[in-house]
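Here are a few notes to help you find your way around. Have the viewer open and follow the points in order.

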Amino acid sequence: MKKDHKDTKDFKDKSKDLRVLGVLVVLGVLVVLSACRAEPEPAPQLPWARLDLSREPFAVEAGEPVIPKISFLGSAEVRDMRLVPASQLVSFPRRTAGQVQALEMKAGSRARWPVRIGRESYFSFTPLGSEGACPCTYRVGVRSGSGPARELYRIESAPMGPIAPPAVEVDLSDLTGPIELLLQLDGPPGSSALWGSPGVYFRESLPRKPESGRPNILLVGLDTFRADALGRNLTPNLDRLAERSDVWLNAFTVFNSTNPSFVSMMTGRYGKSHGVYDLRTPLPRSHVTLAEHLATAGYDTFAVISASHLGDHASGLGQGFREIAQASEHLAAELAVDTTLDWIADRQGEKPFFAWLHLFDPHTPHTPPQPYALGFRPASPLGLDPVRAWIPFREPGPRTFAEPVLGGQRDLYDGEVAYLDRQIGRLLGFLESRGLLENTLLVVVADHGESLGEHGILFRHVGLHDTTTHVPLMIRWPGPDREGRRIEGLVQTIDLFPTILKAAGVAVPPQDGQDLGKTRRAVFAEHADHLGAMVRTLDFKYIQNGPELYDLKADPAETKNLAGRGLAVERELADLLRQWQADRRAHPEARPVVPTDEEKARLKALGYV
């Protein structure tokens, strides 16, 4: 299309006076600055809406076409390859940052999006830069009606690395009516850069959709999330949710590996009763999953699976889901959450929904974007509001990988947790603004934890110690906010299966779980790949392979193995575990699929092989 030279001149000439400063890191302290103007008067809260510019129609005013694509929140290879042994460089050597939606733009290009503006509107994107060394300048402007273009913001690109720069949030709240949002990239000829997660957020009046009378169900499955990550100044949104939820303080997974753990949650069965022990054995189709039970009962079903190895081809967990959003590698939480928001917003009809949102971020490689990687998190729970202030959750500063092959670092793990919490806060803000929490059963649970140096294990979820088996589990029940409960008794993640079905008014079939209204005398877990099992009471743990015995009251960190000392409790727990193993429900034989060379290499890069 023909370039408007007058608009371009105005766009450039007014940049000095109208620039809105982004997020700066100065002397280790992050300061967020916005336009120098008085805060608007509080307005009645309206539902949040979101426009993903990578999926909205646009027109190119100058330069080459703008290309929507899936990119990475950081590098396509996050490691320093000089530190990676040659034995690791096989077939599929990359360890990538999480995937995000992006726009790829060539230098000299400019595009416009017609957008509607509502209350509290802002434009958000991450200036991802490019793999090349040439610097570019991102520029954001607006045009109202037939008036000239006006620049709102500009920022220089930085070289792309493992850690992405901070997201930019450009205030649009002083604008009214329909506008054109203008994105432009300046730089040397032939250079290009990526606009990550480009979206416009605003509040608007929406008709309230009729409710079915049955609760919606949202199951948020956190990958590699330790129970002790909560309540440590990392997770203001999850902590706020916990205040309004029932929280089981002694919840334990039944597996230390992702696929078997989620298979157990979705069937209510221990591994000994479903036969899935690895990342390449799909659940046999003869099993009826939670999604299938709910779909049969009239629920609309949707899943976002953020890791490729948890896809239906390898897990069998696509059963019962009408729609599935699946990662080709692994999704960053912002893309997984955005996908869920869009699906909920676009739903039609009166059917209740069951959505499974799987978030992978705390898993290696640990690549939280800035400022989370620098030790900062939002100062308070925000929902979908832009971040106005940041506070440190540790001594601020950059970190490098302590384990270069897997891409692991303890402080960066915490950064991933804080970043993940921000994305969950966005999800909660969306649901709350639309009144959906009134009729939604919201579950947050982890598939397993992670070892961060305990027992000599770095960034692997092997073994059956509490670092790997103790997981967060909370349920916010439908209805207005109420004070949550803290429940001390032992429960298992498989207990979600009958609890959810009962809440949905669906008959509960025979399985191994029990309603979370009851607690257990003992819990059990199996190790992936048939490498043993454990039994745990509130006071003692017995691990079969070893064996290992721990007095959890005297030694909660499980550092003093008491096995082999002739203690009566060892004999009792060993007998209890053998009885449990012998009590099996018949199941169809689960047969592993043969992974491709690329899939084998990807699993190896994640530390599973």
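1. Before anything else, keep in mind that this is a predicted model. Start in strand 18, where His358 is the bridge partner of Gly221. That pair belongs to a wider match: strand 14 (residues 216-222) and strand 18 (residues 353-359) run parallel and are joined by 6 bridges.

2. Now zoom out to the sheet around that pair. It's an open sheet of 8 strands with mixed pairing, and the order reads 17-16-18-14-21-24-15-25. At the edges sit strand 17 (323-326) and strand 25 (486-492), each pairing on one side only. From one strand to the next, the twist averages 15 degrees.

3. Next, look for the helices that go with the sheet. Helix 3 (residues 236-243) lies across strand 15 (246-252), strand 21 (440-446), strand 24 (473-476) and strand 25, and runs at about 60 degrees to strand 24. Helix 11 (residues 496-503) packs on the sheet too, touching strand 14, strand 21, strand 24 and strand 25. The direction of helix 11 makes about 175 degrees with that of strand 21.

4. Is Ile217 buried or exposed? This residue of strand 14 has 0% relative accessibility, so it counts as buried. Leaving aside neighbours within four places in sequence, the contacts of Ile217 include Leu294, Phe354, Leu441 and Ile500. Trp477 is 260 residues away from Ile217 in sequence, yet their C-alpha atoms are 9.7 Å apart in space.

5. Which residues touch the most other members of the largest nonpolar core? Of its 98 residues, they are Leu222, Leu294, Phe354, Trp356, Leu359 and Leu496. Helix 9 (residues 410-433) gives this core its largest share, 10 residues. Take Leu496 as an example: not counting residues up to four places away in sequence, it touches Leu219, Met265, Val443, Val445, Leu473, Ile475 and Leu516. There's also a second, separate core of 31 residues, with Val170, Leu185, Ala193 and Phe202 among them.

6. Finally, drop by Ser328, in the loop between strand 17 and helix 8 (333-346). Ser328 counts as partly exposed because its relative accessibility is 48%, and the cut-off for exposed is over 50%. The side chain of Ser328 makes a polar contact of 2.7 Å with that of Gln99. Ser308 is worth a look as well: Ser328 and Ser308 are 20 residues apart in sequence, with 5.5 Å between their C-alpha atoms.

How values were computed. Residues numbered from 1 in each chain as written. Predicted model: local features only at pLDDT ≥ 70, side-chain atom pairs only at ≥ 80, totals over all residues. Heavy atoms only, no water. Pairing = 2+ DSSP bridges. Helix = DSSP H or I, 4+ residues; strand = E, 2+ residues; numbered from the N terminus. Axes fitted to C-alpha atoms, helices over the stretch in contact; angles between N-to-C directions. Contact = heavy atoms within 4.5 Å. Buried < 20%, exposed > 50% of the residue type's maximum accessible area, 1.4 Å probe, protein only. Polar contact = N/O pair within 3.5 Å; in protein donor to acceptor, adjacent residues only side chain to side chain. Core = buried A, V, L, I, M, F, W, Y, C linked by side-chain atoms within 4.5 Å.
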